[in-house]
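Welcome, and please open your viewer for a short tour. We will make a few selections together and look at what is there.

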Amino acid sequence: MAEINIRDVRKSYGRTQILHGVDLDFKSGEFVVILGPSGCGKSTLLRMIAGLEEISAGEISIDGRVVNDLEPRDRGCSMVFQNYALYPHMNVAANIGYALKVAGVPRAERQRRIAETARIVGLEDFLDRKPAQLSGGQRQRVAMGRAIIREPKVFLFDEPLSNLDAKLRVQMRVEIRRLHKRLSATSVFVTHDQVEAMTLADRLIVMNKGHVEQVGTPLEIYHRPRTRFVGSFIGSPAMNFFESTVAADGNFVLLDGIRVAIDAALGSANAGNAVAIGIRPEHCRLITAGTANSIPAVVDFVEELGAGRIVHVEIDGQDFAVAMDEGQLWEAGSTVGLQLPAQHIHLFSLETGLRLDDVPSLKRTMKTTVAA
Amino acid sequence: MSGPSYFLVYDRNAGPVDLMNKRAVFKSWWLPMAFALPQLLLIFFFFYWPATSVLTWAFSLEPAFGGVGERLFVGWDNFRDVFADTEYWRSVSLSLFFAFSATALSMFIAFVLAICVDRQLKGSGLFRFFYIWPYAIAAPAVGLAFRFIFAPESGLIAVVNTWSPDLWNPAKFGSHAMILVIVCFAWKWIGYNFIFMTAGLQSIPRSLIEASAMDGSGPVRRAFDLQIPLLAPTLFFLLVLNLTESFVGPDTYGIVDLTTEGGPNKSTDVMVYRIVSEAFRGLNYSGAAAQSLVLIALIMLFTFIQFRYVERRVHYK
Ligand SMILES: Nc1ncnc2c1ncn2[C@@H]1O[C@H](COP(=O)(O)OP(=O)(O)OP(=O)(O)O)[C@@H](O)[C@H]1O
Ligand SMILES: [Mg+2]
């Protein structure tokens with residue numbers, strides 16, 4: 001259990017800067033997930049916490065102690081690597097117990113703790129095997145065992161599940177969550193898989209190009225993306241975007257001459273400004289063409305998912321995805337009406353990509369979504 | 001060989017000929033001979049001929065007072081003479097001592113350097129470049145250079161003799177001479193060992209090293225627990241090579257010849273040097289040939305033991 005504070009941390013390789021001033025605070029015992037596209041600097045940040053990468057500028061402290069100049073072993077973190085990084089010449093027991101051996105823990109005590117750890121990660125029957133003789137999932141467990149046996153203050157995970165098949169990934173996800181409940185050490189988990197991120201996180205950090213885009217609970221981030229990037233990155237299928245202009249009263253935007261109600265009071269100051277409208281496919285509705293307040297659209301094609309379907313419609317040559325559960329079948333080529341519920345519309349600045357609506361409406365939307 | 005050409009790979013009527021069984025057959029006999037000749041000549045003059053001479057010399061003796069020009073076949077007599085000579089046995093033990101010490105020193109230093117370069121300490125790129133150079137220098141040149149450096153009265157080392165006389169004098173003390181040749185050999189071979197060890201270390205995934213750092217091990221612990229076991233195949237290969245090279249290699253001869261000439265008092269008279277000096281200075285061809293054969297047998301035994309018993313304990317991933 002430890003608090004981690006990251007203050008204006010930067011990383012550069014030569015002249016290229018990879019992280020541009022990251023400020024984050026992880027609470028004690030929290031499960032934090034860092035999510036972002038490939039190359040955004042998630043691993044770099046994690047490795048700086050671990051002590052595997054030098055901190056170019058700024059400060060990282062664990063439990064109130066600045067760790068910038070501490071060796072990895074003195075930071076009280078353990079880490080699970082993406083490729084597991086098991087010692088190929090040692091068997092499972094030796095792999096799990098290596099940290100204790102280095103620490104000089106007496107043999108008997110070591111044996112006891114290896115056995116206990118093996119039980120926790122379900123590897124009792126494999127203690128004599130070499131890593132090469134294990135399946136991917138079992139290797140993953142060894143890596144977990146090696147991390148937990150030291151009873152660290154902080155767990156660091158760098159995409160530990162990305163080498164597993166889909167089914168095993170779900171299973172291991174649940175196990176990691178369970179393990180966290182049991183050990184309640186502060187955990188930082190890096191991934192680029194949003195499902196993993198949403199399901200695991202107490203708090204989610206979305207990064208892009210070396211910046212932190214948003215910090216919040218998974219629900220906050222899903223419902224109130226702070227930037228256009230976060231909106232487009234979270235959610236599958238991805239959020240629909242189109243450009244539009246704010247109407248004179250600041251309350252409506254004009255979409256191809258059709259007024260679409262929005263829930264946020266933008267104020268008349270914004271009248272005439274171009275904005276980006278975002279709406280998630282699962283929040284759009286398709287109704288019969290010509291209904292009031294609906295946008296005419298043509299069905300392009302339909303993707304069947306089994307549990308539901310994604311209908312792609314076209315407005316003015318722009319693709320627009322609508323996710324729906326089973327129900328009415330929409331024929332390709334038919335004209336339909338597209339409804340965009342006001343409370344689900346997100347507005348972003350075209351220039352900065354920042355969210356435009358005001359704070360009071362945040363609370364309201366949050367309430368409605370929680371109620372829903 | 002004349003007649004139809006077998007040279008074609010593509011037959012216009014039959015289409016492409018099975019490429020797996022494709023064979024290029026030369027039309028004439030002289031062209032392939034011309035290609036092979038240089039290599040054949042080399043092998044003949046520098047391997048088969050000397051090898052057969054050594055065999056015949058080893059089992060024969062030139063009549064003491066010259067004469068008919070015929071050599072006498074004497075069976076194992078030459079070997080008996082060699083084995084009866086205590087000087088010979090001293091040379092064997094000197095050779096063994098030299099081989100093991102030089103190998104150990106060279107491999108140890110190379111390993112330490114390789115680890116330092118692998119940790120990417122400051123300036124390691126430059127050093128990686130320089131460490132490799134010594135191997136490119138011919139052994140006699142190394143010997144000559146070290147002779148100047150370690151000359152007790154005028155070399156760089158001469159300063160130690162001003163602290164206390166005869167602190168360093170390889171011309172007088174056998175142990176100093178032995179140290180000198182060991183250092184020369186090790187110095188020359190460090191570069192070679194270093195290349196292989198660096199390559200081997202680089203093939204160990206970075207994340208393994210990082211995982212062990214997270215597990216709390218420092219550089220020395222890591223070397224013993226991770227790098228040496230994972231590098232074992234490379235280390236074994238280098239061990240065999242270093243031992244054989246220092247035991248019988250031309251480098252050993254070159255270095256001894258130019259630094260100590262086997263002395264003082266034959267204290268660096270290793271087997272290779274002894275054979276050459278007996279043959280060409282003592283003109284005892286038969287004795288030298290017999291010793292050569294014993295040396296060859298010893299190398300075979302060495303290599304056999306290493307592969308049989310050491311390699312088994314080496315992990316191949
Ligand atoms: N040693 C290095 N030298 C120069 N640039 C580097 C180095 N290591 C990483 N980078 C760059 O830093 C950026 C961030 O890398 P990082 O590994 O943190 O990405 P990531 O977010 O973990 O991506 P992924 O999801 O693909 O693992 C990348 O653009 C990468 O090219
Ligand atoms: Mg990464």
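**Stop one: around the ligand**

Select ligand 1 and the residues near it (a heavy atom within 4 Å): you should find Tyr13(A), Ile18(A), Pro37(A), Ser38(A), Gly39(A), Cys40(A), Gly41(A), Lys42(A), Ser43(A), Thr44(A), Glu159(A) and His192(A). This is a predicted model, where local features need pLDDT of at least 70 and side-chain atom pairs count only at pLDDT 80 or more, while totals for chains, interfaces and linings use all residues. Residues are numbered from 1 along each chain as its sequence is written, chains are lettered from A and ligands numbered from 1 in the order in which they are written, and side-chain values use heavy atoms, leaving out hydrogens and water.

Next, show the side chains of Lys42(A) and Ser43(A). An oxygen atom of ligand 1 lies 2.7 Å from an N or O atom in the side chain of Lys42(A), and an oxygen atom of the ligand is 2.5 Å from one in the side chain of Ser43(A).

Now colour helix α1 of chain A, residues 42-50 (helices are DSSP runs of H or I, at least four residues). This helix gives the largest share of the shell around ligand 1, three residues.

**Stop two: where the chains meet**

Which residues form the salt bridge, with closest N and O atoms 2.7 Å apart? Select Arg47(A) and Glu210(B) to see the pair. The term means a side-chain nitrogen of Lys or Arg within 4 Å of a carboxyl oxygen of Asp or Glu.

Finally, select the contact (heavy atoms within 4.5 Å): 18 residues come from chain B and 23 residues from chain A.

Definitions and conventions. A polar contact is a pair of N or O atoms within 3.5 Å; within protein, one must be able to donate a hydrogen and the other to accept it, and residues adjacent in sequence count only if both atoms are side-chain atoms. Helices (H or I, at least four residues) and strands (E, at least two) are DSSP runs, numbered from the N terminus.
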